[in-house]
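Here are my notes from going through this one, written for someone fairly new to reading structures. Keep the viewer open and click along as you go.

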Amino acid sequence: MTALPTLLVLDAEPPPRLGRLTGRARVVHTDEAGLAGLLPSADVLLVWDFTSHAVRSAWPGGGPRPGWVHTASAGVDHLMCPELAASDTVVTNARGVFDAPIAEYVAALVLAMAKDLPRTWQLQREREWRHRESRQVAGTRAVVVGSGPIGREIAHTLKALRVTTAVVGRVPRTGIHGPDDLDRLLARADWVIAAAPLTEQTHGMFDLRRFGVMQPSACFVNVGRGHLVVEDALVQALERRWIAGAALDVLTTEPLAADSPLWRVPGLLLSPHMSGDTVGWRDELGAQFVELFERWAAGLPLRNVVDKQRGYVPGH
């Protein structure tokens, strides 16, 4: 009788629903402390706790390593280390699950900032009747930095609001601008949306110089990775009124400490890394993994395979 493959799950609460794999895999659950000791016995690793960086530290140890690692997230920067990147292990991600929710969230932020909704809610709490004028979104310009499925879905959604939208990717191609066009596009944009993966090339790309390129009426939104932004530079840009406002759904340190000065920056909206998390999203992530596992068990090619050198899934 053929032994069942061992599926190791780096857990988070609530755990994934893997009932469909009953009798088809030996499922072992672990926390960060137990990961290193169990890796050599695993055929597959499911990184369900996609906030954990434990894989980075556990992977370089001795012994065999799983032939396939799946992370229940779009980004892979939290688990990638030189040893994993250089190995034969296949890495897959949750590409496709978060596209529409994040695009909707960005559209909501754009509308909220254009219509000054945060100020309206504050004035309501203060029982103050203060008439103001707000911005019209239709006819404005946006640049979306990140040409993956999330970035393209953001562009599609903003276009439905009649926002003229340009997308910037790693290399120029039909309908996508290259990095050389970024500064020119930033200088004309009303909305700058960061949705790029975190790589050596994108780390800290939104710095003081880039915020200085933007026009004073521009608003900045980051739904990519916290380390895309030099946060001190963003604070300076807002305090000096180089830009009109900003919204961060991802930060360099999460959760944000209660005494962080970011809570008090004027014109800055903060949310706790929730732009892609709609009702039922964990079930969708679990179902996606089970479908991938079934393909893997059948010897079929896996989908959502990450280019470990680039740090994302290449494609259209």
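1. One term before we start: two residues are in contact when they have heavy atoms within 4.5 Å. Also keep in mind that you're looking at a predicted model.

2. Let's use that idea on helix α10, which runs over residues 281-297 and has 17 residues. From its first C-alpha to its last it reaches 24 Å, close to the 24 Å expected at 1.5 Å a residue. Its buried residues include W281, L285, F289 and F293. Which elements help to cover the buried residues of α10? Among them are β1, β3 (44-47), β4 (68-71) and β5 (90-92). Following α10 you'll meet G299, with a positive phi near 75°.

3. Strand β1 covers residues 6-10, and T6 sits in it. Is T6 buried or exposed? T6 counts as buried because its relative accessibility is 9%, and the cut-off for buried is under 20%. Skipping residues up to four places away in sequence, T6 touches R26, V28, S41, A42, D43 and V44. With R26 there is also a polar contact between the side chains, at 3.3 Å. For T22, 16 residues away from T6 in sequence, the C-alpha to C-alpha distance to T6 is 12 Å.

4. Now for helix α4. Why does its length make sense? Its 16 residues should span 22 Å at 1.5 Å a residue, and the end C-alpha atoms are 23 Å apart, so the two agree. The buried residues of α4 include D99, P101, I102, V106, L109, V110 and M113. They pack against α5, α6 (149-160), β8 (191-194), β9, β10 and β11.

5. Just after α4, have a look at D116, which takes a positive phi of about 55° although it is not a glycine. D116 lies in the loop between α4 and α5. With a relative accessibility of 28%, D116 counts as partly exposed.

6. D116 turns up again in the second largest pocket, which holds about 620 Å³ of space. There are 23 residues lining this pocket, and those closest to its centre are M113, D116, A244, G245 and G267. Which elements each supply at least two residues of the lining? They are α4 (99-114), α5 (117-125), α9 (231-239), β10 (245-248) and β11 (268-270). Sorted by class, the lining has 13 nonpolar, 4 polar and 6 charged residues.

7. A244 also leads us to S217, which is found in the loop between α8 (208-213) and β9 (219-222). Leaving out residues up to four places away in sequence, S217 touches R135, D190 and A244. S217 counts as partly exposed because its relative accessibility is 31%. R188 is 29 residues from S217 along the chain, and their C-alpha atoms are separated by 9.9 Å.

8. D190 is a contact of T140 as well. T140 is in the loop between α5 and β6 (141-145). Setting aside neighbours within four places in sequence, T140 is in contact with R162, V163, T164, D190 and W191. Which partner shares a polar contact of 3.0 Å with the side chain of T140? That's W191, through its own side chain. T140 has a relative accessibility of 8%, so it counts as buried.

9. The loop between α5 and β6 also holds R127. Like D116, R127 has a positive phi of about 55° without being a glycine. R127 counts as exposed, because its relative accessibility is 80%.

10. Last, two peptide bonds to check by eye. Where are they cis? One joins E13 and P14, with omega about -5°, and P14 lies in the loop between β1 and β2 (26-30). Another runs from E254 to P255, with omega near -5°. P255 is placed in the loop between β10 and β11.

Definitions and conventions: Residues numbered from 1 in each chain as written. Predicted model: local features only at pLDDT ≥ 70, side-chain atom pairs only at ≥ 80, totals over all residues. Heavy atoms only, no water. Helix = DSSP H or I, 4+ residues; strand = E, 2+ residues; numbered from the N terminus. Buried < 20%, exposed > 50% of the residue type's maximum accessible area, 1.4 Å probe, protein only. Polar contact = N/O pair within 3.5 Å; in protein donor to acceptor, adjacent residues only side chain to side chain. Expected span 1.5 Å × (residues − 1). 1 Å grid on protein atoms, 1.4 Å probe; cavity = no way out; pocket = protein on both sides within 12 Å on 5 of 7 lines; lining within 4 Å. Points joined across faces, edges and corners; volume = space filled by probe spheres on them. Nonpolar A, V, L, I, M, F, W, Y, C, P; charged D, E, K, R; others polar.
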